[in-house]
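Trainee: Got a minute to go through a model with me? I'd like to start with the overall picture and then pick at one strand.

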Amino acid sequence: MTDGTDHSNTPQDPGAGPGGYGFPQGQSGGYGYPQGQPGGYGFPQPAQPNPYQQPQPQPGPVGLPQQQQQPSTSQPPAFTSSPQPDWQALADRTEAQKRTRKRIWIVGIGVVACGLGVGAGLFIIDKTGKGDDKPGPGTSQAAPSAPGKDSADPNSPTVPGEPNLLRDRSGQINVALSPDAALGKVDNGNVLRLRSNGNSYAQAAEQVVDASKSFTVSAWVYNEADGGSRFAISQGDGTSYSFELGREDTNGKKAWVFRMQTDEKGAASTAAAAFSDGYNTVRTWALLTGVYDAEGKTLTLYVDGKEAGKTQVAKTWAGQGPLQMGRSRHHGIWSGPWAGVIGHVLVWERPLTADQVAALKGGKLDKEIKPVASWLVG
């Protein structure tokens, strides 16, 4: 099954040239580190024309975009109700509310105990983290501290001493943040916030899985864009993606999509895709899970732990480029910039079953089924 999507009208990247998979674009060179070398895959990036946005003011003091830079004024309900939230203030306020509830509970029990003459036995109940049915990334029992604030924090999403490098909690592949990418915090974890422009993404130092073999990729996402192709996770090389997970408009409908490429030239006619049907893709949390079963030759897309689309694929093409968050590669240019947040990114070198994906949604996946890489899971 092919998706029939024509990406030929995707805005051209003025810096894209031969070998220009990374930054600075238009240079020849490799994918790896040290970063910042000419033609290198990493950072820092020199100033380049931005293919996705007009010139805009610099980010605010907490690393989040200014209101006029956002594609939408609405924010994910899980972490803010204001246009420009202060992540740390939200966390502090949450903790203060918890302490207040504890005091009220203690005083209430004390009053009842005194009235009954049975002493003042106190029971303190503190419920943190998220319930199985609450959307949003993470299932940890305590919200971690802000990135870079305490390098000794075991739940910090970044490498100690490297606030712009996402820490791989399962393997050794850390992910570098671009200048317009920002980290934020929700009640139960951390998220990556992206601005829907060509300078807002995160990139690993190398590929995470061999796309010619079975694998599973999963992430909690919140998309703020009303239309267009938007990719949360992808991997490929300088010409095309090998796989991509996100959302797009297809046949007049908004759908989540898990797509794989079968040919190194990256033509739309050689891609196979599993689409969702009947799911809201805008301003709502969704757990997206893409599974490629090399033995069964199937692509399966799960949304919130349930199968949402499935298709056959005769073969797949595995580019050697690194994993990307917030963009994908089409016809030698970057496409589908993510608008919103991404969290709890997990990758396995195996195809998860339907029951295992459902368990993943509830935070009950067997701990023996370990991912090869994970980010923003604390």
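Mentor: Sure, we'll take the whole chain, then a strand, then one residue. This is a predicted model, where local features need pLDDT of at least 70, side-chain atom pairs count only at pLDDT 80 or more, and totals for chains, interfaces and linings use all residues. Residues are numbered from 1 along each chain as its sequence is written, and side-chain values use heavy atoms, with hydrogens and water left out.

Trainee: What does the secondary structure come to?

Mentor: Two helices and 19 strands. Those are DSSP runs numbered from the N terminus: helices are H or I with at least four residues, strands E with at least two.

Trainee: And how much of the chain is buried?

Mentor: 53% of the 378 residues. Buried means under 20% relative accessible area, with a 1.4 Å probe and protein chains only.

Trainee: Now β18, how many of its residues are buried?

Mentor: Ten of the ten, residues 339-348, so β18 is largely enclosed by the rest of the structure.

Trainee: Which way does β18 pair with β7?

Mentor: Antiparallel, over seven bridges; DSSP has to find at least two bridges for two strands to pair. One of the bridge partners there is I342 of β18, opposite V221. β5 (residues 189-195) also pairs antiparallel with β18, over four bridges.

Trainee: Switching topic: where is A225?

Mentor: In the loop between β7 (215-223) and β8 (230-236). A225 is buried, at 4% relative accessible area. Leaving aside neighbours within four places in sequence, A225 contacts R230, V282 and A339, contact being heavy atoms within 4.5 Å.

Note on methods: Buried < 20%, exposed > 50% of the residue type's maximum accessible area, 1.4 Å probe, protein only.
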